[in-house]
Amino acid sequence: MRYIIIGAGAVGGAVGGRLAEAGHEAVLVARGAQYAALRDGGLRLRVPDGEFTYRLPVVDGPAGLGTLRADDVLVLAVKTQDTEAALAAWGPAPVEGGGTAAARLPLLCAQNGVEGQRVALRRFRHVYGVCVWLPATFVTPGVVSAAGNPLTGILHLGVHPRGTDETVRLIAADLEKARFEAPVVPDLARWQYAKLLSNLANAVEAITGPVEGEAALELVERVRAEGAAVLDAAGIAYASAEEQRARRGDKVTLLPLADAPRGGGSSWQSLTRGTGTVEADYLNGEITLLGRLHGVPTPLNELLQRLANTFAREHREAGSMPLAELVRLADEAEAAVAA
């Protein structure tokens, strides 16, 4: 199989580089400065065992590949807010033997949250989800770091909305040879919603900086408790913290990398790069949506969603709001609901 990595940033670059290292065909899809850097200098992947450069085919859209192969796998690794544009571009792409990518090829959604694969199912017939546990950082154009060791990450896989099949098992086997653990599970959503609860802290980090110290950890706990209450009200199952820890163990331990600081999570990285958007609508916003559907107040996640979007829209510096100010706003938001 040939893997077409749509969105060769932090996660996409790490996956594409590791697949290439294991001997699998990979094509990188990128735009702007990242496209130019990958085209001219290759993908530079910094990992605990060194820095490696992969000279892979790079395109900025399906036209760069012409007719797609019948054994192609599309790996969607763009942020959720960029999903629709990517699907619109790649869905109509012709495939050898007839038909389109949307009708014939598997689409693997390697994204945070749960919305991307739901959007994909409107266009693509064969959609697969991924629960992404892959600590990776976009360092500069053309350079990606992934500090996990001995494994680069754990990628739970499954058919969306449920089940497994032979295609996803073949994909998992390739990932297992590329420094990932790739469990194939019939109940992928249960792992994704657990990861969603974890990702609710992304906005806190983006707004106030690293989640460190008692006050920050207490705020994150309140935000996640609100999210868990919403999932419980909606009847949505999610893996427990204990089950997640047992699965991860010490398989993905972060090691310091020279000239490649870990930095923050995906939202912090988006603000630092000045992209103008963050994933908050599909992380904290997913809790907001479910809360409104099921009659559960979500003042903390609504606040974080609004602030994170404001930071992105106004190009504010990541981590520039004092934690005490965010805690004050959170207290006021909860008090307003209780009044």
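**Exercise 1. Classify the crossing of H12 and H13 in this predicted model.**

*Solution.*
Step 1. Two packed helices are described by the angle between their axes and the distance between the axes.
Step 2. Take the two values. The axes of H12 (residues 284-294) and H13 (residues 299-313) come within 8 Å. They cross at roughly 140 degrees.
Step 3. Apply the cut-offs. Angles over 145 degrees count as roughly antiparallel, and 65 to 115 as roughly perpendicular. The angle of roughly 140 degrees fits neither range, so H12 and H13 are oblique to each other.
Step 4. Add the hand. The crossing of H12 and H13 is left-handed.

**Exercise 2. Which residues make the contact of H12 with H13, and how do they divide into nonpolar, polar and charged?**

*Solution.*
Step 1. List the H12 side. Asn 284, Gly 285, Ile 287, Thr 288 and Arg 292 take part.
Step 2. List the H13 side. Here the residues are Asn 301, Glu 302, Leu 304 and Gln 305.
Step 3. Sort them. Two are nonpolar, five polar and two charged.

**Exercise 3. Find the buried residues of H11 and say what they pack against.**

*Solution.*
Step 1. Locate H11. This helix covers residues 266-273.
Step 2. Name the buried residues. They are Ser 266, Ser 267, Gln 269, Ser 270 and Leu 271.
Step 3. Find their partners. The buried residues of H11 pack against helix H1 (10-21), strand S9 (136-140), helix H8 (202-208) and H13.
Step 4. Look just past the helix. Gly 274 follows H11, and its phi is positive, near 70 degrees.

**Exercise 4. Is Glu 181 buried or exposed, and which side chain does its own side chain join in a polar contact?**

*Solution.*
Step 1. Place the residue. Glu 181 is part of strand S13 (residues 180-181).
Step 2. Check the accessibility. The cut-off for buried is under 20%. Glu 181 has 13% relative accessibility, so Glu 181 counts as buried.
Step 3. Find the polar contact. The side chains of Glu 181 and Arg 247 are joined by one of 2.8 Å.
Step 4. Look at the surroundings. Leaving out residues up to four places away in sequence, Glu 181 touches Leu 151, Gly 153, Ile 154, Leu 155, Glu 176, Arg 247 and Lys 251.

**Exercise 5. Describe the cis peptide bonds before Pro 150 and Pro 161.**

*Solution.*
Step 1. Start with Pro 150. The bond from Asn 149 to Pro 150 is cis, with omega near 0 degrees. Pro 150 lies in strand S11 (residues 148-150).
Step 2. Go on to Pro 161. His 160 and Pro 161 are joined by a cis bond with omega about 10 degrees. Pro 161 sits in the loop between strand S12 (153-159) and helix H6 (166-176).

**Exercise 6. Where do Arg 179 and His 315 lie, and what is the phi of Arg 179 and of His 315?**

*Solution.*
Step 1. Take Arg 179. Its place is the loop between H6 and S13. Phi is near 75 degrees, a positive value in a residue other than glycine.
Step 2. Classify Arg 179. At 27% relative accessibility, Arg 179 counts as partly exposed.
Step 3. Take His 315. This residue lies in the loop between H13 and helix H14 (323-338). Phi is near 55 degrees, again a positive value in a residue other than glycine.
Step 4. Classify His 315. Exposed means over 50%. His 315 has 53% relative accessibility and therefore counts as exposed.

Key. Residues numbered from 1 in each chain as written. Predicted model: local features only at pLDDT ≥ 70, side-chain atom pairs only at ≥ 80, totals over all residues. Heavy atoms only, no water. Axes fitted to C-alpha atoms, helices over the stretch in contact; angles between N-to-C directions. Helix = DSSP H or I, 4+ residues; strand = E, 2+ residues; numbered from the N terminus. Parallel < 35°, antiparallel > 145°, perpendicular 65-115°, else oblique. Left-handed = near helix turned anticlockwise from the far one by under 90°. Contact = heavy atoms within 4.5 Å. Nonpolar A, V, L, I, M, F, W, Y, C, P; charged D, E, K, R; others polar. Buried < 20%, exposed > 50% of the residue type's maximum accessible area, 1.4 Å probe, protein only. Polar contact = N/O pair within 3.5 Å; in protein donor to acceptor, adjacent residues only side chain to side chain.
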